[in-house]
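Reader: Please take one part of this model and go through its backbone closely. I would like the strand pairing and any unusual backbone geometry in one connected account.

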Amino acid sequence: FMTTEISHIEGVSVIMPTYNQASFISLAINSLIQQNHRKWEVIIINDGCTDNTDEVVSHFLSDRRFFYYRNANNLGLGKCLNIGISKAKYNYIAYLPSDDIIFPEHLSSLLSAFKNNQAGILAFSGIIQANYNVMGTTEILHKRNIRGHDLQLVQVLHKKNTCKWMERDECTTNDYSRMYWNKILDMGAFIPTNQITCEWVEHPNQRNKKIQQGINIYRSYYNVKTPLKFHPKNSGLIDEVALYSRFLKKTQMFKGQLKILIVGELSFNPERILAFEEAGHKLFGLWAENCWWFHTVGPLPFGNVTEVSKENWKEEIELIKPDIIYGLLSALAAPTIEKVIRAFPCIPFVWHFKEGPFYARQNGLWSSIQYLFEQADGIIHINEDIRQFYNLSFPKTKDTCYMVLDGELPKADWFIDKRKPLLSQTIGGYHTVIPGRPLGLTPEHIEKLAKDNIHLHLYGENWHHTYNHFIQLSMELAPNHIHLHPACDQRNWAEEFSQYDAGWLHFFESKNGGDYLRAKWEDYNIPARMATLAVAGLPMLQRDNTGHIVATQTICKELGNGIFITEIGELIHVFNDRKFYQKIRNNSSKHIMDFAFDTYVPKLIGFFKKVIANSKIQ
């Protein structure tokens with residue numbers, strides 16, 4: 001969309017991308033109309049809005065300085081900015097996102113900065129960032145790095161040039177330096193005005209917030225149906241294009257088996273549900289709203305799952321006539337599942353709940369959880385321990401089928417027989433790994449491990465950022481024994497993690513004494529990393545909580561793939577007892593496929609069919 005010929009007409013072309021900001025856009029437009037500098041045009045790019053943006057903007061279009069364009073679907077910020085710049089007639093480009101505000105002197109002060117520095121390519125103002133719920137108003141006059149980092153769109157004016165903004169098909173990020181500022185660094189100076197002349201408005205639906213909340217939240221909000229390359233600030237790259245390339249090919253088509261309506265969210269390892277398609281079943285998805293970053297919601301970037309719209313879900317479900325409703329996985333999904341079950345009480349319903357009771361109770365969702373347990377024709381618990389708790393909470397009121405299955409098991413495609421040599425055999429020492437948060441470990445623990453020449457390897461840039469204090473202190477106490485690695489996705493789990501001697505589960509001391517009522521979520525939980533470590537055949541490290549209800553200990557005792565220690569200093573003795581350690585490692589390899597979702601699909605489908613049959617009898 002960029003033209004190679006650069007306009008030399010003096011003036012400012014203001015690019016205003018907008019997506020579902022109808023309640024904000026009038027204020028943004030009026031803040032532009034009130035500018036002291038009068039020679040401007042505004043190019044508004046409606047990026048597939050589904051609200052009443054058209055109606056709001058129509059009131060301003062009699063002004064000849066306004067140009068309005070509409071994308072049929074959401075194409076992303078970078079595409080909109082490139083479209084806008086390609087249509088700009090003036091030699092300076094400014095940006096006004098439709099949810100931000102500029103003060104009357106904004107454009108004139110930015111232009112004055114150029115007059116005082118002819119070698120400049122970009123001028124930027126100071127900015128107000130208001131978050132009244134957290135910290136009040138922050139006025140930022142000077143940026144930490146005037147070569148472009150942290151500059152927001154609203155505060156920038158630059159000379160028109162041939163560089164293009166990074167678009168969604170290249171990468172989705174909230175780092176504007178990566179998207180554009182770095183591309184023009186060598187064209188001239190970045191000039192501060194030393195005046196605060198705009199506000200970067202804080203609200204829940206900011207693009208920046210949607211990206212920070214995670215790839216699934218971003219995808220759902222903008223209705224992105226294709227795989228993404230997704231790279232937020234302070235986090236690693238998620239490359240779904242590469243990750244899901246094997247799943248973009250149409251899977252085995254529907255063979256007249258079950259029509260399964262998935263309601264809720266899929267959390268980690270969402271591609272597991274393709275195993276249903278491969279077995280000839282037809283999948284539909286109605287996704288929960290207001291989920292967290294690790295809750296996977298549609299549109300799904302793989303397979304043939306038919307989306308059920310949030311607007312017309314009742315009519316669409318009536319047309320689908322699903323054989324079964326499969327509700328999962330977290331408390332945040334419960335309200336969505338509840339409204340579907342209330343609307344369609346005659347469709348057999350299976351409730352697969354991953355969480356313990358604590359979040360649901362604390363956040364007012366307990367009544368929804370109760371309703372789902374009472375109405376379910378089939379209940380899938382993630383382990384036997386949590387089943388006992390929920391049997392105490394919600395006594396049986398009808399003939400309900402039960403099954404035990406973890407809710408986030410990976411798809412079998414990732415269980416490849418590709419291994420690296422053990423680091424302990426190539427460079428010495430012993431090497432342990434955490435693919436995620438170092439829950440329960442302290443810098444003092446790392447210091448004790450280092451004294452026994454036991455290393456800790458941490459994966460995931462976002463956790464490096466979140467646990468920066470822990471990491472820095474550990475590095476001081478245990479030099480050269482804590483190692484940071486970028487995030488490792490499913491394609492490389494088996495090969496990458498196989499080089500370690502063991503992997504850490506959550507390390508905590510249970511205090512429930514065998515009482516279900518005293519058990520906490522860490523006691524009942526099966527962390528997603530358990531299956532990640534299992535893919536590589538790793539022994540699983542955890543505190544010995546014998547005498548207490550701890551689901552991970554129950555599982556690892558049964559499979560013989562766990563290493564249990566009471567004190568950190570005991571670990572070296574386990575590693576040095578080669579006969580015992582090798583037994584644990586052999587058991588870990590023996591039970592790898594016990595953690596693959598595909599292993600349980602025949603049993604799960606049999607469970608669905610039993611639920612359907614029982615429902616017909618009742």
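Author: W351 stands opposite I379 in β17. The model is predicted, and this pair of residues is a way into its open sheet. The two strands concerned are β16, residues 349-353, and β17, residues 378-381; they pair in the parallel sense over 3 bridges. Both belong to an open sheet of 7 strands, whose order is β14-β13-β12-β15-β16-β17-β18, with parallel pairing. The edges are formed by β14 (306-307) and β18 (401-404), each of which pairs on one side only.

Two cis peptide bonds can be placed relative to strands of this sheet. One is the bond between L328 and L329, with omega near 15°. L329 is located in strand β15, which covers residues 324-329, and β15 is followed by β16 in the sheet order. The other cis bond joins G298 and P299, where omega is about 0°. P299 sits in the loop between β13 (282-287) and β14, and β14 is an edge strand.

Positive phi values are a separate matter. N194, a residue other than glycine, has phi near 60°, and its place is in strand β9, residues 189-200. N223 is also a residue other than glycine with positive phi, near 55°, but N223 lies in a loop, between α7 (215-222) and β10 (229-230). As for accessibility, N194 has a relative accessible area of 42% and is therefore partly exposed. N223 is likewise partly exposed, because its relative accessible area is 42%; the partly exposed class runs between the cut-offs of 20% and 50%.

Terms used:
Residues are numbered from 1 along each chain as its sequence is written. This is a predicted model: local features need pLDDT of at least 70, side-chain atom pairs count only at pLDDT 80 or more; totals for chains, interfaces and linings use all residues. Side-chain values use heavy atoms; hydrogens and water are left out. Two strands pair if DSSP finds at least two bridges between them. Helices (H or I, at least four residues) and strands (E, at least two) are DSSP runs, numbered from the N terminus. Buried means under 20% relative accessible area, exposed over 50%, partly exposed in between (1.4 Å probe, protein chains only).
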